[in-house]
Amino acid sequence: MTSSRTSTVSAADAGSWSLGDLTVHRMGFGAMRLTGSAAFHEGVPSDRGQALAVLRRALELGVNHIDTAAFYFSRLRSANELINSALAPYADDLVIATKVGPARDASGDWATSARPDRLRGQVEENLRQLGRDHLDLVNLRVMSQPDVSEHFGALAELREAGLVRQLGISNARLEHLDQARAIAPVVCVQNPFGVDAPADGRAVLDACAAHGIAFVPFFSVAGQGRESGAAARTEHDAILTVARARGASPAQIRLAWILHQGPHVLAIPGTGDPDHLVDNVAAGALRLDEDELRLLDGIGGAGAPARAPA
């Protein structure tokens, strides 16, 4: 990408959405890939200087929504520590979303997920690592529990105490959304979703639209069933066709499609590469036409939505 093109890239081109009383650009940034070449303790730890530069560059490009978690760490790097080092003191309009529920021990191995009475400790850990006195947004990551009421209720108490400003849920089914909404306002749902998602992936997206809740898909660039850092896949012909016609990358087409799923849909692509960051943010300005959208809609089982203009 040329320097002149880079200078015109802005996350604001994707539009904005409100997370309760917080307003963010719909093109955000996911911090998981900052820590290494693969998720969590797999792969090679990242270059610290480059990771800090990526975070600072994201804000220069207008990103004001960063997704992270205390359990996003590799052998040498912690996403929260990198965010704190690169961005504190934080800009007034920057929204940092964290998530709680899963737990990893000091060696990086997964531990038993937090019980409701342990969630305060996880919230406080995020506060310490980020250097904050409150968290803008905390998502409860749903693990195996059929009912999230007790866990979400514990987070609602922390919201009342002023430690948390807004609440969301992650990896959730429709019943989880209903359970949470019965306890406290839910401003977002983070679920895996992308152009190759199965048909049942759209139900929560549509429910969020009906209730004015942000839908924040993850693994939308990696592809269905693939976590970040997974082996390279064979890209769908339809995505390649649109990418070639637009002079864009397949990742940009995937992100553009995501943003076309409704004005309430936010993107949080992650990368540790400065050039990939610029490309991802630039995807927010892509406006796919109806023929392109129909071609892409046919890839997965999710089908074509009743789509409002992005």
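# Close-up views of a predicted model

**View 1. Val189 and Phe215 link two neighbouring strands.** Val189 has Phe215 of β11 as its bridge partner. A second bridge into β11 joins Gln190 to Val216. The model shown here and in every view is predicted. Strand β10 covers residues 188-192 and pairs with β11 in the parallel sense. The pairing runs over 5 bridges. Strands of a sheet pair through backbone hydrogen bonds, either parallel or antiparallel.

**View 2. The open sheet has 7 strands.** Their order is β3-β4-β5-β8-β9-β10-β11. The pairing is parallel. Strands β3 (29-30) and β11 (214-218) form the edges. Each of these two pairs on one side only.

**View 3. Strand β11 is an edge strand with both faces covered.** Is β11 enclosed or open to the outside? It is largely enclosed by the rest of the structure, because 5 of its 5 residues are buried. One side carries Ala214, Val216 and Phe218. The other side carries Phe215 and Pro217. Val216 is also the bridge partner of Gln190, and Phe215 that of Val189.

**View 4. Helix α7 packs against helices and strands.** Which residues of α7 are buried? They are Arg202, Val204, Leu205, Ala207 and Cys208. These residues pack against two helices, α6 (174-181) and α9 (250-259). They also pack against strands β10 and β11. Gly212 follows the helix. Its phi is positive, near 70 degrees.

**View 5. Arg202 is buried without a salt bridge.** This residue lies in helix α7, which spans residues 202-211. Which side chain of opposite charge is nearest to Arg202? It is Asp206, 4.4 Å away. A salt bridge would need a side-chain nitrogen within 4 Å of a carboxyl oxygen, so the pair does not qualify. The side chain of Arg202 does make a polar contact with the side chain of Gln261. That distance is 3.1 Å.

**View 6. Leu177 sits in helix α6 and touches Ala207 of α7.** Leu177 counts as buried because its relative accessibility is 2%, under the 20% cut-off. What does Leu177 touch beyond four places away in sequence? The contacts are Ile169, Val186, Val189, Ala207 and Ile213. One of them, Val189, is the bridge partner of Phe215. Another, Ala207, is a buried residue of α7. Leu177 and Ala207 are 30 residues apart in sequence. Their C-alpha atoms are 8.8 Å apart in space.

**View 7. Leu76 is an exposed loop residue.** Its loop runs between β4 (65-67) and α3 (79-87). Leu76 counts as exposed because its relative accessibility is 60%, over the 50% cut-off. Where does Ala238 lie relative to Leu76? The two are 162 residues apart along the chain. Their C-alpha atoms are separated by 39 Å.

**View 8. The whole protein gives the setting for the close-ups.** It has 11 helices and 11 strands. The radius of gyration is 18 Å, close to the 19 Å that the globule rule gives for 310 residues, so the protein is as compact as a globular protein of that length. Along the principal axes, the C-alpha atoms fill a box of roughly 55 × 40 × 35 Å. Of the 310 residues, 54% count as buried. Among contacts with a separation of 6 or more, 74% come from residues 24 or more positions apart.

Conventions: Residues numbered from 1 in each chain as written. Predicted model: local features only at pLDDT ≥ 70, side-chain atom pairs only at ≥ 80, totals over all residues. Heavy atoms only, no water. Helix = DSSP H or I, 4+ residues; strand = E, 2+ residues; numbered from the N terminus. Buried < 20%, exposed > 50% of the residue type's maximum accessible area, 1.4 Å probe, protein only. Lys, Arg positive; Asp, Glu negative; His and termini not counted. Polar contact = N/O pair within 3.5 Å; in protein donor to acceptor, adjacent residues only side chain to side chain. Pairing = 2+ DSSP bridges. Rg over C-alpha atoms; globule rule 2.2 N^0.38 Å. Contact = heavy atoms within 4.5 Å.
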